[in-house]
Each structure stands twice: as structure tokens, then as C-alpha cells.
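New to this one? Take a moment to turn the model around on your screen, and then we can walk through it together.

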Amino acid sequence: MADRQPATKKDAPETRSSKLRIRIGYGWDSHEFKRGIPLRLGGVTLPHPRGLGGHSDGDVLLHAITDALLGAVAAPDIGTLFSPSDSRWKGADSAIFLAEALKRVREAGYALAKLDSTLILAMPKIAPHSAHIRARVAELLGLPADCVGVKGKTPEGMGTDDAAIAHAVVLLEKKISRG
Ligand code: MG
């Protein structure tokens with residue numbers, strides 16, 4: 001698991017990492033499809049007979065983005081910060097996890113500049129919903145929509161038709177210090 005890190009810039013020692021002008025982060029997640037629950041992807045509820053299981057709302061895309069942001073500032077990962085064994089996160093809106101990751105990015109002295117992501121799932125097709133998902137993810141991240149990439153791929157030959165997988169990459173820029 002990730003090491004415990006100082007939560008604020010004030011507490012953090014000046015390190016080679018904290019002097020970087022830009023940082024990248026990468027996140028990955030997968031969840032299994034289950035009947036009888038809503039399908040949440042990128043903060044949007046999509047019309048589909050099966051949703052994604054998991055302790056929270058199962059939003060695999062927001063989980064991957066959250067881990068990318070946390071990884072970029074070397075913070076603990078999503079499973080460490082929001083333990084699946086903690087009843088507070090049962091059915092939780094994954095936007096809560098994303099907001100905490102963005103807070104840690106700001107506290108580390110960085111701002112999110114760009115996100116790219118890929119969703120891999122057999123059904124439903126993402127293309128008809130991608131504009132809506134991009135707009136919602138952009139809103140949650142406080143980015144213009146043209147700084148948010150959301151691509152849908154089908155898992156041909158991978159045998160993962162009962163799961164949804166998400167990959168996310170973020171680029172952070174160091175905020176200009178005011179004195
Ligand atoms: Mg997850």
C-alpha cells in the first residue's frame with residue numbers, strides 16, 4: 001500500500017518531487033457487472049440493465065481518475081483513503097473520492113491541466129454517451145471539456161465481457177507561487 005504522506009503543502013518537506021513543474025499520474029480500475037443496480041460511468045447514470053458492483057456506486061471511470069490524481073502527488077491510493085470495509089462509503093457517490101483527490105492535488109501546489117481516459121467494456125456502447133460523460137467529468141474536475149478525453153473500447157478477445165475497465169492519465173502543472 002502507499003506510504004502515508006503529509007496531507008498539506010505546509011507540512012511537506014521540499015523535495016526533488018515537490019519542485020517538479022509538471023507531474024503525471026496514472027490510474028486503473030475494474031468492476032464487475034451486476035443486475036439490478038444503476039450503471040454509473042463518469043458521474044453519469046446510463047440506461048442499461050446491469051450496473052457495476054462495488055462498495056460505492058461502482059463508477060470505474062471516476063475511480064481510475066481519482067487514483068491517477070492521487071498517484072500524481074504520491075498520495076495514498078483510493079482503497080487506502082476510502083476503505084471498502086468502511087460503511088460510510090457503501091453506495092457512495094464516487095464524486096466524493098474525486099473531490100478529495102483534487103483537494104490533495106491543490107494542497108500539493110499543483111493544478112490539473114489535462115485528463116485522458118479509456119473505458120473498456122462490451123456493453124453498452126460508449127460513443128452515444130461520450131459527450132455527456134465528458135461534460136460531466138469536465139465539470140467535476142473544473143476543466144474545459146476540450147481538456148478531457150474519454151474513449152470507449154470493446155474488449156475483443158480479452159474475455160472480460162462481464163467487467164468494465166478504466167484507464168486514466170492526468171497531467172498536473174505546478175501553481176505559480178504568489179510570493
Ligand atoms: Mg473501484
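## A first look at the fold

Let's start with how the chain folds back on itself: among contacts between residues at least 6 apart in sequence, 75% join residues at least 24 apart. Keep in mind that this is a predicted model.

Counting up the secondary structure, you get four helices and seven strands. Read from the N terminus on, the elements go β-β-β-β-α-α-α-β-α-β-β. The radius of gyration of the chain is 16 Å, close to the 16 Å that the globule rule gives for 179 residues, so the chain is as compact as a globular protein of that length. Its C-alpha atoms fill a box of roughly 55 × 35 × 30 Å along the principal axes, and 36% of the 179 residues count as buried.

Now for the sheet. Five strands make it up, in the order β4-β1-β7-β5-β6; it is an open sheet with mixed pairing. At the edges sit β4 (50–52) and β6 (148–153), each of which pairs on one side only. On average, neighbouring strands here are turned by 20° against each other, direction ignored.

Which way do β5 and β6 run relative to each other, parallel or antiparallel? They run parallel, and six bridges join β5 (residues 110–120) to β6. If you want a spot to zoom in on, D116 stands opposite G149 in β6.

Two helices are worth finding next, and here is how they meet the sheet:

| Helix | Strands touched or crossed | Direction |
|---|---|---|
| α1 (residues 60–72) | lies across β1 (22–35), β4, β5 and β7 (163–174) | about 155° to β1 |
| α4 (residues 130–141) | packs on the sheet, touching β5 and β6 | about 140° with β6 |

Helix α4 also belongs to a small motif: together, β5, α4 and β6 make a right-handed β-α-β unit. To trace that unit on screen, begin at β5 (residues 110–120), pass through α4 (residues 130–141) and finish on the edge strand β6 (148–153).

Terms used. Residues are numbered from 1 along each chain as its sequence is written. This is a predicted model: local features need pLDDT of at least 70, side-chain atom pairs count only at pLDDT 80 or more; totals for chains, interfaces and linings use all residues. Two strands pair if DSSP finds at least two bridges between them. Helices (H or I, at least four residues) and strands (E, at least two) are DSSP runs, numbered from the N terminus. Axes are lines fitted to C-alpha atoms, for helices over the stretch in contact, and angles run from 0 to 180 degrees between N-to-C directions. Two residues are in contact if their C-beta atoms, placed from the backbone, lie within 7 Å. A crossover is right-handed if, with the strands pointing away from the viewer, the path from the first strand over the helix to the second runs clockwise. The radius of gyration is taken over C-alpha atoms; the globule rule is 2.2 Å times the number of residues to the power 0.38. A residue is buried if 20 or more other C-beta atoms lie within 10 Å of its own, exposed if 12 or fewer, and partly exposed in between; C-beta atoms are placed from the backbone.
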